[in-house]
Amino acid sequence: MPGIDACLEEAMSLPGARGAAIVDWTSGLALGTAGQSPNGDHEATAAETAELARAAAEYTAFAPEAPAPPAIPAPPSPSEASEASEAADGPATKATDTREGDDEGEGEGGKGPPVQDLIVTTRTGYHILTFVETTFDSSVFLHLWMDRDTGNLALARLRLGRLAERLVLG
């Protein structure tokens with residue numbers, strides 16, 4: 001399980017990597033950086049990418065809330081069933097269970113970061129922001145800036161995902 005420095009070193013070993021950072025998207029601060037920065041200033045880049053990450057994580061267009069489970073119809077009670085069968089004239093009514101669902105299974109949608117990753121493509125490069133799941137309530141992502149001509153976007157996305165899973169913050 002790599003720490004910040006080992007994680008950045010491994011990210012920089014990817015083909016076409018130009019710069020990498022681990023950023024807290026709440027504060028916009030870089031927790032660690034390696035290589036170059038697209039604008040020459042790692043802290044400014046961290047703040048700018050944090051804005052993008054925050055927007056993706058907070059707007060429901062990108063990170064919708066989990067849909068509520070549908071209401072489960074309750075079976076009719078014995079008295080309702082006999083009343084419905086005896087009443088030939090009137091329409092039978094159906095009882096619906098409006099109880100709140102139990103918490104079983106809840107949290108699966110709320111577990112981990114709201115967005116897995118973001119990819120921004122420019123004329124000369126790729127920016128991949130991969131969100132990191134932590135044991136504490138954090139808002140951290142791994143940012144990799146790659147050269148478009150020499151980088152492999154698919155490989156980088158897969159490897160960053162694995163790095164994010166193994167990253168140890170503390």
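Okay, let's start with a side chain: D147 reaches the backbone nitrogen of T150 with its side chain, at 3.0 Å. D147 itself is in strand β5, which covers residues 140-147. Keep in mind that what you see is a predicted model.

So what is the nearest side chain of opposite charge to D147? That's R18, and R18 is 4.4 Å away. A salt bridge needs the charged atoms within 4 Å, and D147 has none, although D147 is buried. As for who else is around, if you skip neighbours within four places in sequence, D147 is in contact with G16, R18, T124, G125 and Y126.

Right, on to the aromatics. How many aromatic pairs does a search of the whole structure find? The search finds 2. Take W25 and F131: the ring centres are 6.4 Å apart and the planes sit at 70°, so we call that pair edge-to-face. This pair links distant parts of the chain, with W25 in the loop between β1 (17-24) and β2 (29-35), and F131 in strand β4, residues 125-132. That's 106 residues apart.

Buried or exposed, these two? W25 has 11% relative accessibility, so W25 counts as buried. F131 comes in at 6%, so F131 counts as buried too.

Then there's F131 with F141. Here the centres are 6.1 Å apart, but the planes are at 45°, so this pair is tilted. It links strand β4, where F131 is, to strand β5, where F141 is, and the two residues are 10 apart. F141 is buried, as is F131. Put the ring pairs together and you have W25, F131 and F141 linked into a cluster.

While we're on strand β4, have a look at T130, which is in that strand. T130 has a relative accessibility of 3%, so T130 counts as buried. Leaving out neighbours within four places in sequence, T130 is in contact with Q116, D117, F141, L142, L160, G161 and A164. So F141, from the ring cluster, turns up on that contact list as well. And if you want a C-alpha distance from here, T130 and L158 are 9.9 Å apart, with their positions 28 residues apart along the chain.

Last thing, confidence. The chain has a mean pLDDT of 78, and 66% of its residues reach 70 or more. Where does pLDDT stay under 50? Over residues 90-109, and for that stretch the model has 11 contacts beyond four places in sequence.

Notes: Residues are numbered from 1 along each chain as its sequence is written. This is a predicted model: local features need pLDDT of at least 70, side-chain atom pairs count only at pLDDT 80 or more; totals for chains, interfaces and linings use all residues. Side-chain values use heavy atoms; hydrogens and water are left out. pLDDT is the predictor's confidence in each residue, from 0 to 100. Contact means heavy atoms within 4.5 Å. Helices (H or I, at least four residues) and strands (E, at least two) are DSSP runs, numbered from the N terminus. Buried means under 20% relative accessible area, exposed over 50%, partly exposed in between (1.4 Å probe, protein chains only). Lys and Arg count as positive and Asp and Glu as negative; His and the chain ends are not counted. A polar contact is a pair of N or O atoms within 3.5 Å; within protein, one must be able to donate a hydrogen and the other to accept it, and residues adjacent in sequence count only if both atoms are side-chain atoms. Rings of Phe, Tyr and Trp (its six-membered ring) pair if their centres lie within 6.5 Å; planes under 30 degrees apart count as stacked, over 60 as edge-to-face and the rest as tilted.
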